[in-house]
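Visitor: I have not seen this structure before, and I would like to learn how to read it. Could you take me through its features one at a time?

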Amino acid sequence: MDLGDRRSVRTWPRPAGWQRALIAAGLAVVLGGVGAAAVAARAANPAPRILVGVRVAGVDVGGMTSRQATVAVVAATDRWLGRAIMVRAAGRAWRVTPAALGRRAAVDQAVSQAVRGPRLAWWARVWHRLTRRPVRLQVGIAYRGGQPGAAAMVRRIASAIHVAPRDAVIQLAAGRVQRRPARPGRALDLPAAAELLAAAERGGSTAVNLPVRSLPPRVTDARLGTTITIDAGANRLALYDGLRVERSYPVATAMPGFYTPRGTWRVLYKQVDPTWVNPAPHGWGAGEPARIPPGPDDPLGTRALALNAPGILIHGSPASWSIGSYASHGCIRMFIHDAEDLFARVPVGTPVLIYGGGPAPRPTTQAAGA
């Protein structure tokens, strides 16, 4: 028989039952030995060691016990939580740290995960532990808290830099006219500031600028409108447009024994060609007519501004010789042409500030009216 072209095939006989049992027993002995070695190692060192190759927050903790790993990771997270963050707003600066704001690292949780290690079969875990072949496992750190502290910090900064807006105003202060221009205020943008500070904590920033917004005044210089001031000591009336003097007029105020009331008043109503009504027919007006209609003899001239000070008017007067002196019964007299000019410029509601020296008032003074 020619066997030259036949391929040689070698076959292994199938193990008999007793042979399969022998192989299984051998494997059991091997694995049992490995297990015994692991048990022996654990008995010699009861504190379990973290598998080589495990890192927590970038710290190599392979081969460490749980306690050793905790110390190492705490040192690393303390550096992170203790870093200085410069917080700036409105030209001021505050130094804070995440730890001071109440932020904490969940170290115990991360170390427990490192001790558990990666998901491995028991025999693979034993193999890595005996051979010290590294595994690949990166465990992150969870940072918690800090929100209440950051919110409190933002509120403290907001209070420190807050400036209330100031309205433009002309007012009497200590018997003098005070002109104060408007000024914008400022305030911290609380929602944006809280978000930026939280982001600085999380992202590792060392500086953060908090946003500040401008607070506009309700009354600007341009919106202040008209104001009348009367210096009863100098017998001078000034008309302001905003904070600027637009016109100045000579006036007559109360004669000795009468009083032009000091204080802050307003124009109550306006009259064209007013009728004079005797305000004191049984007093200083005794012997005078009860009424004088509009005309050249009318003591009120052609224009009058009634104030909310009872009986007090700013009015023109035919007694032009009296202007610039103390000559009225309490009213503010003006040249007729000046009264007409002022009348056209002043709306109802205009503030009137009366101040300054002058003759002393009578103990009881009736409404003047002229």
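Guide: What follows goes from the whole chain to its sheets, then to one helix and the salt bridges.

Guide: This is a predicted model, in which local features need pLDDT of at least 70 and side-chain atom pairs count only at pLDDT 80 or more, while totals for chains, interfaces and linings use all residues. Residues are numbered from 1 along each chain as its sequence is written, and side-chain values use heavy atoms, with hydrogens and water left out.

Visitor: How many helices and strands are in the chain?

Guide: Helices (H or I, at least four residues) and strands (E, at least two) are DSSP runs, numbered from the N terminus. On that basis the chain holds 7 helices and 24 strands.

Visitor: What share of the residues counts as buried, and what area does the chain expose?

Guide: A residue is called buried under 20% relative accessible area, exposed over 50%, and partly exposed in between, with a 1.4 Å probe and protein chains only. Here 35% of the 370 residues count as buried. Accessible areas come from the Shrake-Rupley method with a 1.4 Å probe, and for residues only the protein chains shown count as cover. The exposed surface of the chain comes to about 21100 Å², of which carbon and sulfur atoms supply 56%.

Visitor: How should I read a sheet, and what is the strand order in the one with 8 strands?

Guide: Strands of a sheet pair through backbone hydrogen bonds, either parallel or antiparallel. Two strands are taken as paired if DSSP finds at least two bridges between them. The open sheet of 8 strands runs in the order β15-β14-β13-β24-β17-β20-β21-β23, and its pairing is mixed. Its edge strands are β15 and β23 (332-334), each of which pairs on one side only. From one strand to the next the twist averages 25°; axes are lines fitted to C-alpha atoms, for helices over the stretch in contact, and angles run from 0 to 180 degrees between N-to-C directions. Within this sheet, β13 and β14 (residues 236-241) pair in the antiparallel sense over 6 bridges, and Ile228 has Leu239 in β14 as its bridge partner.

Visitor: Which strands stand at the edges of the sheet of 3 strands, and what packs on that sheet?

Guide: This open sheet has the order β4-β3-β11, again with mixed pairing. At the edges stand β4 (92-96) and β11 (207-209), each with a single partner strand, so one side of each has no neighbour in the sheet. The twist here averages 20° from one strand to the next. Strand β3 (residues 85-89) pairs with β4 in the antiparallel sense over 5 bridges, and Met86 has Arg95 in β4 as its bridge partner. Helix α5 packs on this sheet and touches β3 and β4, its direction making about 160° with that of β4, where contact means heavy atoms within 4.5 Å. Helix α6 (residues 190-203) lies across β3 and β11, running at about 165° to β11.

Visitor: Which residues of helix α7 are buried, and why do they line one face?

Guide: In α7 (residues 336-345), the buried residues are Asp338, Ala339, Leu342 and Phe343. Seen down the helix axis, these residues fall within an arc of 135°, so they line one face of α7; the arc is that of the directions from the helix axis to the C-beta atoms. The face turned away from that buried side carries the exposed residues His337 and Ala344. Helix α7 lies across several strands, including β13, β14 and β15, and runs at about 150° to β15.

Visitor: How many salt bridges does the structure hold, and which parts does the pair of Asp167 and Arg218 tie together?

Guide: Side chains of opposite charge can pair when their charged atoms come close. A salt bridge is a side-chain nitrogen of Lys or Arg within 4 Å of a carboxyl oxygen of Asp or Glu, and the structure holds 5 of them. In the one between Asp167 and Arg218, the closest N and O atoms are 3.3 Å apart. Asp167 lies in the loop between α5 (147-161) and β8 (169-173) and Arg218 in the loop between β12 (212-215) and β13 (226-231), so the pair ties together parts that are 51 residues apart in sequence. Asp167 counts as buried at 18% relative accessibility, whereas Arg218 is exposed at 67%.

Visitor: Where do Glu246 and Arg345 lie?

Guide: Glu246 forms a salt bridge with Arg345, the closest N and O atoms being 3.3 Å apart. Glu246 lies in strand β15 (residues 244-250) and Arg345 in helix α7, so this pair ties together parts that are 99 residues apart in sequence. Salt bridges that share partners join Glu246, Arg247, Asp341 and Arg345 into one network.
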